[in-house]
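Here is a short briefing to read alongside the model. Please have a look at the structure first, and then we can go through its pocket, fold and aromatic rings together.

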Amino acid sequence: MTVTNYIKLEFPSCSSNESFARAAAAGFAAQLDPTLDELGDIKTSVSEAVTNCIVHAYPDSIGTITMRLRILDGEKLEITIRDKGRGISDLQQAMLPMYTTGGEERSGMGFTIMESFMDKLKVKSAPGKGTTVTMLRTIRQRRAFR
C-alpha cells in the first residue's frame, strides 16, 4: 500500500488528552471527505483506544501514548495507537464483549466498538511491554453532484 500522508503524535496518558486525540484524528481524516457518520465512527474508535491506554495500560501512573494516522492508497485511513504500559495478559479474553479489568464503571466494550466501527482491527500486546491497536477504515470517494 502506498502512504500518501501521515502524522504521528505523542502525548501523556492524561484523560484530558482523549478529546485532543479525537479532534486530531478527525482533523486528519477530514482530507478524505468522510461523511459525518464515518467521522463519528473514527472519533469514537480513537476515543476507545486512547481511553484503554489511560485506564488499563497506565492505571496508577502517567505514561506515553503514541498515535499515528496514515492515508493509504488515497482512500484508507490507518490509525495506530500504542502504549508502553502493562500490556494484556490474555488478549483473547480481553477482546470479548463485557470483559474489563477497569472496575464496575467500565463497560468492557472498547474492542467490540472499535471492531464494529472499523473495517479491520488488529491488537498486539505483551505483558510488561505494552499494547498496539491498529485500525483500518476505508473512506470511499463520493461522487460529485452534476
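On a 1 Å grid over the protein atoms alone, a pocket is an open set of points where a 1.4 Å probe fits, with protein on both sides within 12 Å along at least five of seven lines, and lining residues have an atom within 4 Å of a point. This is a predicted model, in which local features need pLDDT of at least 70 and side-chain atom pairs count only at pLDDT 80 or more, while totals for chains, interfaces and linings use all residues. Residues are numbered from 1 along each chain as its sequence is written, and side-chain values use heavy atoms, with hydrogens and water left out.

**Second largest pocket**
- M1, R68, R70, L72, E78, T80, K120, K122, T132, T134, M135 and L136 line the second largest pocket.
- Two or more lining residues come from each of β2 (64-72), β3 (76-83), β4 (120-126) and β5 (130-138).
- β5 gives the largest share of this lining, with four residues.

**Fold**
- You will find four helices and five strands in the protein (DSSP runs of H or I, at least four residues, and of E, at least two).
- Their order from the N terminus is β-α-α-β-β-α-α-β-β.

**Burial and aromatic rings**
- Of the 146 residues in the protein, 42% are buried (under 20% relative accessible area, 1.4 Å probe, protein chains only).
- F11 is buried at 5% relative accessible area, whereas F20 is partly exposed (20% to 50%) at 39%.
- The structure holds one aromatic pair (ring centres within 6.5 Å).
- The rings of F11 and F20 have centres 6.1 Å apart and planes at 85°, so the pair is edge-to-face (over 60 degrees).

Notes. Rings of Phe, Tyr and Trp (its six-membered ring) pair if their centres lie within 6.5 Å; planes under 30 degrees apart count as stacked, over 60 as edge-to-face and the rest as tilted.
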